[in-house]
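User: Please pick one part of this protein and look at it closely. Explain how it is covered, what it pairs with and what surrounds it. Short sentences will help me.

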Amino acid sequence: MLDARVPGWETAAWLAEDAFCVRVARVDGKRREGKENEFVFCDPAPEALDTVGPPLLPTKPMPYVAPLDPQQREIILVGPVRGAVTSVSVTMFGQTATAAVHRLPATRNRQVGAYAVWLPRNGDKRDGMNLSDITAVVGHDADGNVVTQLD
């Protein structure tokens, strides 16, 4: 599990063949079947995750609008990492959020993880943001040293 900050909801991620998948699901006592209670998103995994190498943030984190709540002021952003990255800080709209990296099961000796941060939405767009609104993504090792970054 990557994140459980929204009461009654959990976020998880995994690798499935050539896809990086994210699942957001209702876990409270109100769990019901239906598309409003569980969301699964699978996008092509960045090619850099297929190889063993130095610490890397292969892409900016992707936004996921789930649970669907137009009044929600924050959006969850989920991203993958490769190598010895233990935490990631993401800056958007002048605010920074930091999250721990959770290791994902991987094959071929790859070291792959994922993180999830919540940051404020802005504007009337469905996601409340564009990827260009993310101005920095910084990966840290266990000692807090910067080991990789995207600007």
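Analyst: **One strand and its surroundings**

Of the 151 residues in the protein, 46% are buried. Buried means under 20% relative accessible area, exposed means over 50%, and partly exposed lies in between (1.4 Å probe, protein chains only). The model is a predicted one: local features need pLDDT of at least 70, side-chain atom pairs count only at pLDDT 80 or more, and totals for chains, interfaces and linings use all residues. Residues are numbered from 1 along each chain as its sequence is written, and side-chain values use heavy atoms, leaving out hydrogens and water.

The protein has eleven strands and zero helices. Both are DSSP runs numbered from the N terminus: helices are H or I with at least four residues, strands are E with at least two. Let us take strand β5, residues 74-82. Eight of its nine residues are buried, so-called mostly covered.

Now the pairing. Two strands pair if DSSP finds at least two bridges between them. In general, strands of a sheet pair through backbone hydrogen bonds, either parallel or antiparallel. Strand β5 has a partner in β9, residues 112-120. Nine bridges join β5 and β9, and they run antiparallel. At one of these places, V81 stands opposite G113 of β9. Strand β4, residues 62-64, is joined to β5 by three bridges. This pair runs antiparallel as well. M62 has V78 as its bridge partner in β5, and P63 has L77.

Put the strands together. The order β4-β5-β9-β8 gives an open sheet of four strands with antiparallel pairing. Why does one side of β4 and of β8 lack a neighbour in the sheet? Strands β4 and β8 (102-104) stand at the edges, and each has a single partner strand, so one side of each stays free of a neighbour in the sheet. From one strand to the next, the twist averages 35°. That angle is taken between axes, which are lines fitted to C-alpha atoms (for helices, over the stretch in contact), and angles run from 0 to 180 degrees between N-to-C directions.

Which way do side chains point? In a regular strand, they alternate between the two faces of the sheet.

Next comes the core. A nonpolar core is a set of buried Ala, Val, Leu, Ile, Met, Phe, Trp, Tyr and Cys residues joined through side-chain atoms within 4.5 Å. The largest one has 19 residues. V78, the β5 partner of M62, is among the four that touch the most other members, along with L15, F20 and V22. Strands β1 (9-16), β2, β5 and β9 each supply at least two residues of this core. The largest share comes from β9, with four residues. Another core lies apart from this one. Its 17 residues include M92, A97, Y115 and I134.

L15 shows what being in the large core looks like. Beyond its neighbours within four places in sequence, L15 contacts F20, A45, L49, L104, P105, R110 and V112. Contact means heavy atoms within 4.5 Å.

Contacts across the chain matter for the wider picture too. Of the protein's contacts with a separation of 6 or more, 56% are between residues 24 or more positions apart.
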